[in-house]
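Me: I'd like to learn how to read a structure feature by feature. Could you walk me through one?

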Amino acid sequence: MSFETNPQSLAVDVHKLSRSFRGNVALDQVSLQIPVGSVFGLVGLNGAGKTTLIRHLIGSFKAQSGTVRVMGLDPVADPVKVLSRVGYLTEEDSLPTWMRVGELVDFARGIYSTWDEAYAAELIDMFGLSRSDRLRSLSKGLRARAGLLVAIAHRPELLILDEPSSGLDPLARRDILEAIIRAVNDEGRTVLFSSHLLDEVERVCDTVALMRAGQIIETTTVEEMERRYEEVTYRADSVAPPNVAGVIGWQRKGNEWSGVMDANLCDPRPLDLPEDVTVVSRREIRLESWFAARAGRERPSKSPSQKETEVSDVG
Ligand SMILES: Nc1ncnc2c1ncn2[C@@H]1O[C@H](COP(=O)(O)OP(=O)(O)OP(=O)(O)O)[C@@H](O)[C@H]1O
């Protein structure tokens with residue numbers, strides 16, 4: 001999919017970004033455009049390149065080739081301007097643990113000119129923190145909340161959450177994270193959310209990009225994905241999936257084969273479907289099935305229709 005290319009309307013604009021670590025390609029000609037105001041999900045298997053991409057956005061990696069713009073600025077050339085407008089929370093527990101929550105808040109207030117003290121106080125309360133708590137003595141989940149507080153109390157234009165949920169219990173993940181993402185987005189701000197928790201991504205994101213082996217292989221709105229793909233389950237006593245052209249990925253459970261197909265390209269009941277193969281169900285696609293079909297381990301090809309189908313055994 002393509003977005004409006006007016007730089008003013010893009011919170012993130014990455015063009016043909018490549019990066020290798022000692023000869024190993026981590027990012028391969030990645031182009032990514034995130035429109036202002038979107039909640040954008042970044043998904044992919046371990047090692048797909050998500051964190052490496054995000055680190056370029058916050059200026060901790062310099063592009064080896066290609067360009068990176070965040071709110072129209074180069075994060076390496078203009079780190080202060082960019083970081084003052086970005087909120088960033090990573091799974092790494094990198095807060096200065098010798099500080100108390102109050103000291104952390106005072107420190108952050110000094111850094112960000114847009115710091116909203118009333119909002120910070122509200123968040124301390126909402127997260128069950130106290131200014132006198134020493135970060136070292138907090139549980140991992142409370143420290144993650146303190147990190148989230150610092151990431152959002154300056155009301156960033158772009159909030160980047162890189163696996164933010166790993167330290168949070170399910171309740172915090174659902175209630176706090178979703179509330180924050182929606183609040184940030186309601187103000188017309190942008191959220192980039194990288195996560196392995198696909199149900200969360202599906203719930204909060206309007207657009208999702210899938211990374212595989214250092215490339216973005218598909219960017220789609222959740223709506224578009226639901227319109228385009230469907231999951232069809234067949235019953236077939238065969239060792240190979242039914243011969244249905246254009247299926248982008250199969251999952252097998254006993255004698256049932258579920259295929260993710262592009263509704264524009266496939267006929268779920270082709271005329272040559274063998275008589276002993278029956279269609280058990282046709283379901284709306286879920287992000288998890290799309291991910292399983294598209295995120296596989298081999299190098300990507302150009303489009304879903306050109307891609308070799310993959311089979312995974314789930315039962
Ligand atoms: N500092 C580094 N030095 C060497 N290799 C690195 C470094 N950072 C990342 N890599 C490699 O780059 C590739 C992409 O890693 P990256 O952490 O970006 O993936 P990811 O999609 O964020 O994975 P995960 O979901 O596990 O966090 C991997 O092969 C990783 O080993």
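**Ligand, sheets, helices and domains**

Reply: Happy to. We can start at the ligand, whose surroundings are formed by Phe21, Asn24, Ala26, Gly44, Asn46, Gly47, Ala48, Gly49, Lys50, Thr51 and Thr52. Keep in mind that this is a predicted model.

Me: Which elements give two or more residues to the shell around the ligand?

Reply: Those are β2 (24-35) and α1 (50-57). The top contributor is α1, which supplies 3 residues.

Me: And how do the residues of that shell divide into nonpolar, polar and charged?

Reply: There are 3 nonpolar, 7 polar and 1 charged.

Me: Let's follow β2 away from the ligand. How do I read a sheet?

Reply: The general idea is that strands of a sheet pair through backbone hydrogen bonds, and they do so either parallel or antiparallel. Here, β2 belongs to an open sheet of 3 strands, ordered β2-β1-β4, with antiparallel pairing.

Me: Which strands stand at the edges of it?

Reply: β2 and β4 (65-70) do; each has a single partner strand, so one side of each lacks a neighbour in the sheet. On average, neighbouring strands in this sheet are turned by 15° against each other, ignoring direction.

Me: How many bridges join β1 and β2?

Reply: Strand β1 (residues 10-21) pairs with β2 in the antiparallel sense over 8 bridges. To find the register, look at Arg19, which stands opposite Leu27 in β2. Another pair is Phe21 with its bridge partner Asn24 in β2, and both of these residues are also among those around the ligand.

Me: What links β1 to β2?

Reply: The two strands form a hairpin with 2 residues between them, and Arg22 in the turn has a positive phi of about 45°.

Me: What about the other neighbour of β1?

Reply: β1 also pairs with β4, again in the antiparallel sense, over 5 bridges. In that pairing, Val12 stands opposite Val70 in β4. Then look at what covers these strands: α1 lies across β1, β2 and β4, and runs at about 60° to β2.

Me: There is a second sheet too. In what order do its strands come?

Reply: The order is β5-β6-β7-β3-β8-β9, making an open sheet of 6 strands with mixed pairing. Its edge strands, each pairing on one side only, are β5 (86-90) and β9 (215-221). Neighbouring strands of this sheet are turned by 15° against each other on average, direction ignored.

Me: "Mixed" needs an example of each sense. Which strand runs parallel to β5?

Reply: That is strand β6 (residues 158-162), joined to β5 by 5 bridges. Within this pair, Leu89 has Leu161 in β6 as its bridge partner. For the antiparallel sense, take β8 and β9, which pair over 6 bridges, with Ala209 opposite Thr219 in β9. The hairpin of β8 and β9 has 2 residues between the strands, and Ala213 takes a positive phi near 45° there.

Me: How should I describe two helices that pack together?

Reply: In general, one gives the angle between their axes and the distance between the axes. Helix α5 (residues 140-152) and helix α6 (residues 170-186) pack at an angle of about 0°, their axes being 12 Å apart. That makes α5 roughly parallel to α6.

Me: Which residues meet in that contact?

Reply: On the α5 side they are Gly141, Arg145, Leu148 and Ile152, which meet Ala172, Ile176, Ile180 and Val184 in α6. The contact divides into 6 nonpolar residues, 1 polar and 1 charged.

Me: Last topic: where do the domains begin and end?

Reply: The domain assignment gives domain 1 (10-213) and domain 2 (224-295). Their centres, taken over C-alpha atoms, are separated by 36 Å.

Me: How many residues of each domain are in contact with the other?

Reply: 9 residues of domain 1 are in contact with 6 residues of domain 2. On the domain 1 side, β3 (39-44), α7 (198-204) and β8 (207-212) each supply at least two residues. That side divides into 6 nonpolar residues, 1 polar and 2 charged.

Methods
Residues are numbered from 1 along each chain as its sequence is written. This is a predicted model: local features need pLDDT of at least 70, side-chain atom pairs count only at pLDDT 80 or more; totals for chains, interfaces and linings use all residues. A residue is near a molecule or strand if its C-beta atom, placed from the backbone, lies within 6 Å of it. Helices (H or I, at least four residues) and strands (E, at least two) are DSSP runs, numbered from the N terminus. Ala, Val, Leu, Ile, Met, Phe, Trp, Tyr, Cys and Pro count as nonpolar, Asp, Glu, Lys and Arg as charged, and the others, Gly among them, as polar. Two strands pair if DSSP finds at least two bridges between them. Axes are lines fitted to C-alpha atoms, for helices over the stretch in contact, and angles run from 0 to 180 degrees between N-to-C directions. Two residues are in contact if their C-beta atoms, placed from the backbone, lie within 7 Å. Domain bounds come from an automatic or database domain assignment. Angles under 35 degrees count as roughly parallel, over 145 as roughly antiparallel, 65 to 115 as roughly perpendicular and the rest as oblique.
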